[in-house]
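Subject: Structure handover, with notes

Hello,

I am passing on the structure we talked about, and I would ask you to open it beside this message. My notes on what was found in it follow below.

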Amino acid sequence: MVKEEILQNINTILKFKSTKEYDEFVSKFEKLFAKYCDCKDSLAVNSGTSALQLALLFLGIKEGNEVLVPAYTYAASAIVVSNIGAIPVFVDIKPTDLTIDPKDIESKITNKTKAIIAVHIHGNPCDIDPILEICKKYKLNLIEDASQAHGATYKGKKVGSFGVGCFSLHMSKNLGAFSSAGAITFNADQLREKLLKYVQPDNDTVEALNSGRTPCEMDAIQACFLIPKLKILDKMNDRKREIAKLYDEFITNPSFEKPVLNDKSISVYRDYFIMCKDREKVFKTLLSQGIGSKIRYKKPLHLTNTFKYLGHKESDFPVAEKVAKEVLCLPTHLGLSDEDIIKICSILNKIT
């Protein structure tokens, strides 16, 4: 059914004769996605990275400002900060669900701090309440990097609806386009017009060129895939949770630590991770049995060459450093049967 609708959508846009028709087709996805995320509106863009950088720009983050970012995440979450001349300030993470640790946030705030990027890593929602309290106390903007958490909830509310939500819709995500795409979700009135100035800059003005703006609209072919897939996203996420539940139940090897979510969160398990002391051995053992696992981020951001200029050293963020050395993401793709998951668990339980 999804495949048929995608083909029908592609056939539809091939008949378009004006830019307006393409825009209206993408607008259809924006309306559907905003409704899904419990938000007033959304704006479709070409990638999750663009979404994050645009969010920083229209929130007024400037050169020399500081933005708090978890030390363990995909590099783009922090690169967008340095791209606009601001300074990424790293924060340690929680060992249970690998999200930003609210207890470490406040000590990193200075008079230059303007925003927090809370990353819902591996599909696991951050503990939003204390983060919102800190934002209110210090008058900070909250940006949610929900690129791995489409449909995840915190206290029954979708992630991306607490602050300015930024989503990657890359083909590898739970909600994925044909190739690369992204979206920004928001609840403030008149925000669409402000955002569009960055997404569709006026090339005739020097001001636009000097503000870091660049055309980054989503193309209609991506919406062809996203619209029908959005209709079955909850069903796909439910299956991801079933897979995670099987891992929780059948991994009994005491050598491995499993994720522990806070009781307010429901994950969508873009990844199901385990922590293992000898990760390389576990990785190779699984691979020898034809099972592919992933090491997402081999280094915490503060120890990468990209952010060497910030002057950090080992032990600055101990949890992020431990996680980067030990975390292994097990397969959760929808082609797996219950028997497949139980077999993977059996192999893991025999590793000593």
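In what order do the three strands of the open sheet stand? The order is 7-6-10, and the pairing is antiparallel. Before going further, please keep in mind that this is a predicted model. Strands of a sheet pair through backbone hydrogen bonds, and they may do so in a parallel or an antiparallel way. Here strand 6, which covers residues 153–154, pairs with strand 10 in the antiparallel sense over two bridges, and Thr153 has Ile266 in strand 10 as its bridge partner. Strand 7 (157–158) and strand 10 (265–266) are at the edges, where each has a single partner strand, so one side of each lacks a neighbour in the sheet.

Turning to the interior, the largest nonpolar core consists of 46 residues, and Leu56, Tyr72 and Ile117 are those with the most contacts inside it. Helix 3 (residues 48–58) supplies the largest share of this core, namely seven residues. If you select Tyr72 and set aside its neighbours within four places in sequence, you will find that its contacts include Ile93, Leu98, His122, Tyr297 and Val327. There is also a second, separate core of 32 residues, and among its members are Ile13, Cys39, Ala152 and Ala223.

Helix 10 (residues 233–250) allows a small check of geometry: at 1.5 Å a residue, its 18 residues should span 26 Å, and because its end C-alpha atoms are 26 Å apart, the two values agree. Several residues of helix 10 are buried, including Leu233, Met236, Lys240, Ile243 and Tyr247, and the buried residues of this helix pack against helix 2 (19–36), helix 9 (220–231), strand 11 (272–275), strand 12 (327–330) and helix 13 (338–349).

Two single residues are also worth a look. His333 lies in the loop between strand 12 and helix 13, and because its relative accessibility is 46%, His333 counts as partly exposed. Apart from its neighbours within four places in sequence, His333 is in contact with Lys240 and Ile243, both of which are buried residues of helix 10. Glu5, by contrast, is part of helix 1 (residues 2–14) and is buried, with a relative accessible area of 17%. With neighbours within four places in sequence again left aside, Glu5 is in contact with Ile227, Pro228 and Lys231.

With best wishes

Conventions:
Residues are numbered from 1 along each chain as its sequence is written. This is a predicted model: local features need pLDDT of at least 70, side-chain atom pairs count only at pLDDT 80 or more; totals for chains, interfaces and linings use all residues. Side-chain values use heavy atoms; hydrogens and water are left out. A nonpolar core is a set of buried Ala, Val, Leu, Ile, Met, Phe, Trp, Tyr and Cys residues joined through side-chain atoms within 4.5 Å. Buried means under 20% relative accessible area, exposed over 50%, partly exposed in between (1.4 Å probe, protein chains only). Helices (H or I, at least four residues) and strands (E, at least two) are DSSP runs, numbered from the N terminus. Contact means heavy atoms within 4.5 Å. Two strands pair if DSSP finds at least two bridges between them. The expected span of a helix is 1.5 Å times one less than its number of residues.
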